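Please open the model in your viewer and keep the selection tool at hand. The tour below moves from one pair of charged side chains to the next.

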Amino acid sequence: MLLKPEVLDKWSSKHHDGLVAAVRSVRERVPLIVLAGDVGTGKTELAETVGHPIARALGVDVTLYPLSLNARGSGLVGQMTTLITSALTEVGQRAAKARSTNGNLNRAFVLLVDEADSVAQSRELAEMHHEDRAGVNALIQGIDTFRKDGLPVLTIMCTNRPDAIDPAVARRAAHIFSLERPDQAQRDFVLQAALSGASNITNADIEKVAHLLGATEDRPYGATYSDLRQRFVPDAVLDAFGRDAPLDGERLIELASSFVPTRPFVQEP
């Protein structure tokens with residue numbers, strides 16, 4: 001709806017015999033989503049792949065533009081502002097050509113701002129350099145321009161530190177989603193999918209492993225999604241390969257007992 005708000009017009013006409021005023025308030029929302037959460041909870045992966053279901057739903061091509069931390073530049077006066085403005089201008093120019101002559105949408109864009117707390121950090125910080133403040137201003141102005149010009153650009157910001165994002169940015173967000181570490185059922189699901197086909201591992205084994213990879217009395221946090229997919233499962237495979245043996249539940253439980261999850265990101269006071 002943020003990329004193609006005219007779908008709301010059709011909905012309103014279907015159910016209310018016309019355009020209700022409330023639809024206008026949705027149109028006025030800034031096409032900005034914030035994904036906040038601890039490290040390894042899938043924020044970046046979600047932002048990088050969400051364009052696919054959006055493309056299928058809208059029936060148009062969706063192009064991803066990741067805004068790198070290189071946009072901060074090397075600290076030269078005016079460099080950060082110039083780089084951010086240049087990047088947003090390029091996206092805006094491409095998005096301006098996203099509609100056909102009859103106004104139909106034929107392309108949409110996702111602008112990904114990863115580690116957004118570094119690019120859109122709060123201007124309230126006393127120690128913040130004036131160059132960083134100017135860069136945040138440029139980012140806000142660029143996102144506002146997308147909305148004012150009705151450009152099909154969805155901006156997604158990912159951050160481990162939602163409290164560090166500038167209040168003006170957070171206020172503009174259509175929604176802020178909080179991603180959490182997986183619970184027992186979610187750990188079980190990830191492991192079941194990853195270990196499918198390993199006949200020496202039972203469902204009971206996986207349930208036990210999922211439990212061991214959760215929070216404990218000595219460790220108040222469990223494994224992240226990336227811990228499971230990028231560390232634990234690959235390590236289990238390499239362990240079995242090194243022993244020239246198949247994956248088995250007993251050994252998997254041993255590995256889970258000694259596995260150390262990534263510690264949570266601690267925000268500075």
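Begin by selecting D144, which counts as buried at 12% relative accessibility, where buried means under 20% relative accessible area, exposed over 50%, and partly exposed in between (1.4 Å probe, protein chains only). This is a predicted model, in which local features need pLDDT of at least 70 and side-chain atom pairs count only at pLDDT 80 or more, while totals for chains, interfaces and linings use all residues. Residues are numbered from 1 along each chain as its sequence is written, and side-chain values use heavy atoms, with hydrogens and water left out.

Now add R172, whose side chain meets that of D144 in a salt bridge (3.0 Å, N to O), the term standing for a side-chain nitrogen of Lys or Arg within 4 Å of a carboxyl oxygen of Asp or Glu. R172 lies in helix α8 (residues 167-172) and D144 in helix α7 (residues 130-148), so the pair ties together parts that are 28 residues apart in sequence; helices are DSSP runs of H or I, at least four residues, numbered from the N terminus. R172 is also buried, at 19%.

Go next to helix α11 (residues 225-242), where D227 and R231 lie four residues apart, about one turn of the helix. Their side chains form a salt bridge at 3.0 Å, N to O; D227 is buried at 0% relative accessibility, whereas R231 is partly exposed at 31%.

Finally, select D239, R243, D248, R251 and E254 together, since a network of salt bridges links these residues. The structure holds 12 salt bridges.

Notes:
Helix = DSSP H or I, 4+ residues; strand = E, 2+ residues; numbered from the N terminus.
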